Amino acid sequence: MSVLLATAVLTALTAACGAAPDEPAAAAKAGADAKTATSAAAFGGVEGLVAAAEKEGELNVIALPPDWANYGEIIKAFEAKYPKIKIKSENPDASSSDEIAAVKSRKGQDRAPDVLDLGIAFARSGADEGLFAPYKVEAWDKIPAGQKDPEGRWYNDYGGYISIGCDARRIPVCPQTFADLLKPEYKGKVALNGNPTKSGSAFGGVYAAALANKGSFGDIQPGIDFFGQLKKSGNFIPVESTPATVEKGETPISIDWDYLNAGYADQFKDKGVDWKVAVPADGVYAQYYSQAINKDAPHPAAARLWMEFLYSTEGQNLWLKGYARPVLLPAMTADGTADNGLVAKLPKVEGTPAFPASAELDKAKATLAEKWDKALS
């Protein structure tokens with residue numbers, strides 16, 4: 001008798017005769033199996049995964065702002081599709097480093113995050129530390145080789161380009177390049193989305209500035225020097241750019257991902273904010289964010305189902321709706337499943353993006369940790 005058939009017979013007998021004496025042990029084993037499952041095949045397919053996730057009934061997420069790449073709608077769509085699973089969203093404004101800290105500090109706790117959305121440098125370092133569970137989604141083969149860990153410990157999901165957002169109602173002439181940001185008319189106006197030693201978006205902003213100032217993927221120092229110069233001139237302000245600061249005019253120029261800046265243009269157009277978006281030609285830098293499953297996730301089946309949803313056609317198109325470029329867009333364009341109306345709304349960028357190697361990211365992260373605070377002091 002096959003293992004699956006034997007399991008089905010046992011389930012039927014248990015239902016007919018009442019709970020078996022070793023039911024707690026069986027439940028514990030099912031949880032252990034989910035924790036080690038490396039694909040939906042371990043559950044007998046996606047339907048089996050859904051059943052296991054629904055038994056868990058919950059999914060813990062962290063650092064997912066509703067207005068970031070359309071995560072608000074993505075979470076609602078998941079709960080609508082799987083109403084037996086309740087998403088608990090904690091600390092939506094947390095940084096990538098906060099996510100890693102939560103995985104470590106809450107190990108073994110029911111409130112530990114099940115899944116993570118991380119800047120690529122943090123995804124790679126977290127995998128090296130052994131924090132993530134390997135899992136390959138059904139769409140695994142469609143994810144480009146350079147956008148995933150071969151073992152399945154992390155894989156890129158959505159991304160975009162560093163851009164300059166500007167409130168044209170407050171700034172007569174909006175900057176188009178990093179060089180423009182040094183002009184005296186932008187004194188006290190320029191902000192980043194967080195600290196680059198902790199935030200993936202701010203990290204990307206400094207990397208782009210490096211490329212704009214004769215740096216390279218292997219040399220982020222010119223980007224650090226640029227922001228030091230921007231701070232010295234009084235143009236850079238130590239205020240984290242958020243939707244609230246944009247709406248209030250506290251950060252009228254924000255260096256951030258193009259999908260966030262494009263989203264602000266939509267979000268605040270009826271609130272007196274004329275938000276313009278430019279991808280600086282002198283510092284073109286693209287980056288994807290990565291998904292990972294906590295190796296010690298309290299809801300391991302739900303964590304894996306979340307991944308399957310994100311990399312489904314529905315999930316990928318929901319990111320498109322938030323102006324982000326999903327990692328499966330090339331495959332979806334080829335097979336006709338991408339929403340072409342949403343693709344047409346993406347901020348225009350010339351050329352094909354290049355990405356830093358793992359060693360270059362590690363070096364950049366280390367350089368920032370050592371020199372960022374000193375440069376801005």
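Two strands pair if DSSP finds at least two bridges between them. In this predicted model, strand β4 meets that criterion with strand β6 (residues 253-257), to which five bridges join it. The two strands run antiparallel. Within this pair, G165 stands opposite S254 of β6.

Strand β4 has further partners. Six bridges join β4 to strand β8 (residues 286-293), again in the antiparallel sense. Here Y158 faces Y289 of β8. Strand β7 (residues 275-278) is antiparallel to β4 and shares four bridges with it. G165 recurs in this pairing, with V277 as its bridge partner in β7. G165 thus stands opposite S254 in β6 and is bridged to V277 in β7. Strand β9 (residues 325-326) pairs with β4 over two bridges, also antiparallel. In that pairing, G159 is bridged to R325.

The burial of β4 was examined next. Strand β4 spans residues 155-167, and 13 of its 13 residues are buried. The strand is therefore largely enclosed by the rest of the structure. One of the residues in this range, C166, has a relative accessible area of 1% and is buried.

C166 also takes part in a disulfide with C174. The structure holds one disulfide. The sulfur atoms of C166 and C174 are 2.1 Å apart. The torsion about their S-S bond is about -75°, so the disulfide is left-handed. C174 has a relative accessibility of 13%. The cut-off for burial is under 20%, and C174 therefore counts as buried.

Strand β3 (residues 115-119) also pairs with β8. The two strands are antiparallel and share five bridges. L116 has A292 as its bridge partner in β8. Five of the five residues of β3 are buried, so this strand is largely enclosed by the rest of the structure.

Helix α6 covers residues 120-128. Eight of its nine residues are buried, so the helix is largely enclosed by the rest of the structure. The buried residues are I120, A121, F122, A123, R124, S125, G126 and A127. They pack against three helices, α5 (96-105), α7 (200-212) and α15 (358-375), and against strands β3, β4 and β8. G130 follows α6 and has a positive phi, near 75°.

The loop between α6 and β4 contains V137. V137 is buried, with a relative accessible area of 3%. Beyond neighbours within four places in sequence, V137 is in contact with I143, Y155, M307, E308 and Y311. V137 and G283 are 146 residues apart in sequence. Their C-alpha atoms are 34 Å apart in space.

Helix α10 (residues 258-267) also packs against β4 through its buried residues. These residues are D258, Y259, L260, N261, A262 and Y264. Other elements in this packing are helix α9 (243-248) and strands β6, β7, β8 and β9.

A separate site is centred on N60 in strand β1 (residues 58-62). N60 has a relative accessibility of 7% and counts as buried. A polar atom of the N60 side chain lies 3.0 Å from the backbone oxygen of A112. Outside a window of four places in sequence, the contacts of N60 include A112 itself, together with K88, D110, R111, P113, D114 and V115. P298 and H299 are also in contact with N60.

At the level of domains, the assignment for the protein gives two segments to each domain. Domain 1 comprises 40-158 + 288-344, and domain 2 comprises 160-286 + 356-376. The contact between them takes 17 residues from domain 1 and 23 residues from domain 2. The C-alpha centres of the two domains lie 26 Å apart. The area buried between domain 1 and domain 2 is about 1,700 Å². Carbon and sulfur atoms give 56% of that area.

Technical notes: Residues numbered from 1 in each chain as written. Predicted model: local features only at pLDDT ≥ 70, side-chain atom pairs only at ≥ 80, totals over all residues. Heavy atoms only, no water. Disulfide = S-S within 2.5 Å. Buried < 20%, exposed > 50% of the residue type's maximum accessible area, 1.4 Å probe, protein only. Polar contact = N/O pair within 3.5 Å; in protein donor to acceptor, adjacent residues only side chain to side chain. Contact = heavy atoms within 4.5 Å. Domains from an automatic or database assignment. Buried area = accessible area lost by both parts, 1.4 Å probe.
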